[in-house]
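Please open the model in your viewer and keep the sequence panel beside it. The stops below are given in the order in which they are best selected.

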Amino acid sequence: MRTATYFFIFLNLSLALFEEPAVYPLPFLATSVLEVLCLLVFLGRLTHFAKVTLHNVFWKDTKNICIMVAILLSLTDLAIYGVLRLYGVRGVRWSRIVRPIFLINFAESRQIRRAFRSIRNTLPEITYVFLLFMFSLLMFSLMALKLFGERNLQTAEGLPYFRNYLEIVFDLYVLVTTANSPDVMMPAFDFSSWYALFFIAFVIVNTYIFMSLFLAVVYNNYKKHLKVMPGGACD
């Protein structure tokens with residue numbers, strides 16, 4: 001039963017790869033039949049669970065309610081999307097976002113729920129580090145605007161360089177990953193090699209210090225919540 005449940009959960013999640021828009025699209029009839037089959041299996045699994053569980057216990061368990069709501073939303077969305085296709089109206093399958101609910105809320109997914117709850121409990125504690133990182137990013141962006149905004153510099157494509165604050169924030173945010181390094185600093189470096197110190201300081205503070213601190217906080221808090229959580233707390 002557990003293997004069959006995981007198989008159909010995997011199949012249901014995999015449908016997003018073949019539904020429009022997709023790289024390997026399948027006919028709507030094929031994906032809809034597979035989705036209905038998965039939902040029927042989930043409904044049958046839930047019905048079987050209701051047969052072997054006390055009535056009061058079954059209806060007080062939020063996991064069962066979440067699964068029933070997810071099945072109802074998926075069927076409703078599938079029906080609406082199918083009707084719209086018949087009339088040539090382009091629609092959006094908004095119910096895809098509820099599919100992970102099946103992975104989390106079935107009784108066989110106890111360990112996944114433990115991990116999910118640990119992540120949820122960790123989020124408030126890493127908020128402060130994230131806010132410090134964003135403050136640093138915004139301050140460096142403001143410094144970049146003051147340093148380069150009035151020097152009429154241009155990028156290699158001939159576009160204005162560091163004159164719009166929001167664009168500066170985005171470029172420096174990408175620089176945290178070093179994905180646009182050293183291209184992002186070359187116009188300033190060509191104007192004066194001393195300006196490279198600004199970007200070096202930014203990378204040291206935000207990439208090496210803040211990202212390492214962020215990773216350490218996430219890891220330590222996640223491990224702490226995973227250890228202190230009782231085995232049955234996620235049920």
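A residue counts as buried when its relative accessible area is under 20%, as exposed when that area is over 50%, and as partly exposed in between. Keep in mind throughout that this is a predicted model.

Begin with the whole chain, which is divided into domain 1, covering 1–108, and domain 2, covering 118–228. If you colour the two separately, you can place their centres, taken over C-alpha atoms, 40 Å apart.

Next select residues 1–16, which UniProt, in an unreviewed entry, lists as "signal peptide". In the model this span is 81% helix and 0% strand, and the C-alpha atoms at its ends lie 24 Å apart.

Now turn to the charged side chains, for which a search of the whole structure finds eight salt bridges. Show Glu20 and Arg85 as sticks: they form one such salt bridge, with the closest N and O atoms 3.6 Å apart. Because Glu20 sits in the loop between α1 (2–14) and α2 (28–51) while Arg85 belongs to helix α4 (residues 62–86), the pair ties together parts that are 65 residues apart in sequence. Is Glu20 buried, exposed or partly exposed? Its relative accessibility is 40%, so Glu20 counts as partly exposed, and Arg85, at 37% relative accessibility, is likewise counted as partly exposed.

From there, select Arg93 together with Glu35, whose side chains meet in a salt bridge at 3.1 Å, N to O. This pair links distant parts of the chain, 58 residues apart, since Arg93 is in the loop between α4 and α5 (100–105) and Glu35 is in helix α2. Both Arg93 and Glu35 are buried.

Keep Arg93 on screen and add Asp77, since the side chains of Asp77 and Arg93 also meet in a salt bridge, here at 2.7 Å, N to O. Asp77 lies in helix α4 and Arg93 in the loop between α4 and α5, so this pair ties together parts that are 16 residues apart in sequence. The relative accessibility of Asp77 is 1%, and Asp77 therefore counts as buried; for Arg93 the relative accessible area is 7%, which means that Arg93 is buried too.

As a last selection, display Glu19, Glu35, Asp77, Arg93, Arg96 and Arg99 together, which salt bridges with shared partners join into one network.

Key:
Residues numbered from 1 in each chain as written. Predicted model: local features only at pLDDT ≥ 70, side-chain atom pairs only at ≥ 80, totals over all residues. Heavy atoms only, no water. UniProt positions renumbered as here; feature names shortened; annotations may be inferred. Helix = DSSP H or I, 4+ residues; strand = E, 2+ residues; numbered from the N terminus. Domains from an automatic or database assignment. Salt bridge = Lys/Arg side-chain N within 4 Å of Asp/Glu carboxyl O. Buried < 20%, exposed > 50% of the residue type's maximum accessible area, 1.4 Å probe, protein only.
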